Amino acid sequence: MTSTLTTPDYRACMTCAGFNLRKANRAISQFYDEVFRPLGIRGTQYSLLVAVKLTAPVLLTQLADYAQMDRTTLTRNMELLVNQGLLTVSAGKDKRTRNVNITADGVELLELAYPLWQQAQAKISAGMGAERLAHFLADLSALVDVSQHS
C-alpha cells in the first residue's frame with residue numbers, strides 16, 4: 001500500500017508560538033537575571049516576590065493560579081526565598097491550605113530591586129517602543145487566555 005501522506009514541511013514549525021515564546025523567555029530571563037545579579041536573586045524570584053507583595057496574604061493555590069504555575073513548581077521556586085527569610089509559608093484555615101506572605105526583609109529587597117527593574121524595563125521599552133511593548137503585553141495576555149480556553 002502506498003502512503004498518500006507527503007513529507008511534512010518542518011520549517012513551518014519555526015512559526016510555532018510555543019517554540020518562539022520559550023526562545024524569547026530564555027533571552028529575557030537571562031537579561032533580567034543579569035540585572036538582579038547584584039542583589040543575589042533571579043528575575044523569576046523578583047517576579048514571585050512582587051506577586052506575593054501585591055496579593056499577600058495569599059493562598060498557595062491562588063498564587064499558583066496568579067503566576068500560571070503548578071503548585072509543585074511554585075513550591076520549588078519559593079523554597080529559596082523562604083530559606084532566605086524573604087517569604088513565609090504558614091498553615092491556612094485548614095490543614096490542606098498554605099498562606100504565603102512576604103517578610104520585612106522581602107519588602108526591603110524589593111525596594112532595593114525596584115530601581116534595577118525600572119532601568120531594565122526602560123531599556124526594554126526604549127528598544128521596542130512603548131506602544132509596541134504595550135501591544136505585545138496585551139497579546140501575551142490574549143495568548144494566555146487562548147491557551148486556557150482551548
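This passage describes the nonpolar core, the aromatic pairs and the salt bridges of a predicted model. Local features were accepted at pLDDT of at least 70 and side-chain atom pairs only at pLDDT 80 or more, whereas totals for chains, interfaces and linings use all residues. Residues are numbered from 1 along each chain as its sequence is written, and side-chain values use heavy atoms, with hydrogens and water left out.

The largest nonpolar core (a set of buried Ala, Val, Leu, Ile, Met, Phe, Trp, Tyr and Cys residues joined through side-chain atoms within 4.5 Å) holds 26 residues. The members that touch the most others are F36, L49, L63, L74, M78, L87 and V100. At least two residues of this core come from each of α1 (17-36), α2 (43-55), α3 (60-67), α4 (71-83), β3 (98-102) and α5 (104-128); helices (H or I, at least four residues) and strands (E, at least two) are DSSP runs numbered from the N terminus.

F36 has a relative accessible area of 1% and is therefore buried (buried means under 20% relative accessible area, exposed over 50%, partly exposed in between, with a 1.4 Å probe and protein chains only). Leaving aside residues up to four places away in sequence, F36 is in contact (heavy atoms within 4.5 Å) with I41, R42, G43, Y46, A113, L116 and W117.

Four aromatic pairs were found in the whole structure; rings of Phe, Tyr and Trp (its six-membered ring) pair if their centres lie within 6.5 Å, and planes under 30 degrees apart count as stacked, over 60 as edge-to-face and the rest as tilted. The ring centres of F31 and Y32 are 5.2 Å apart with planes at 80 degrees, so this pair is edge-to-face. Y32 and F36 are stacked because their planes lie at 25 degrees, with ring centres 6.4 Å apart. Both Y32 and F36 belong to helix α1 and are four residues apart, about one turn of the helix. Y32 is buried at 14%, while F31 is partly exposed at 22%. One aromatic cluster is formed by F31, Y32, F36 and Y46.

The structure contains four salt bridges (a side-chain nitrogen of Lys or Arg within 4 Å of a carboxyl oxygen of Asp or Glu). Among them, R42 pairs with D33 at a closest N to O distance of 2.8 Å, and D33 is buried at 13% relative accessibility. R37 and E34 form another, at 2.9 Å; R37 is exposed at 52% and E34 partly exposed at 47%. In the bridge between D9 and R11 the N to O distance is 3.0 Å, with D9 partly exposed at 45% and R11 exposed at 67%.
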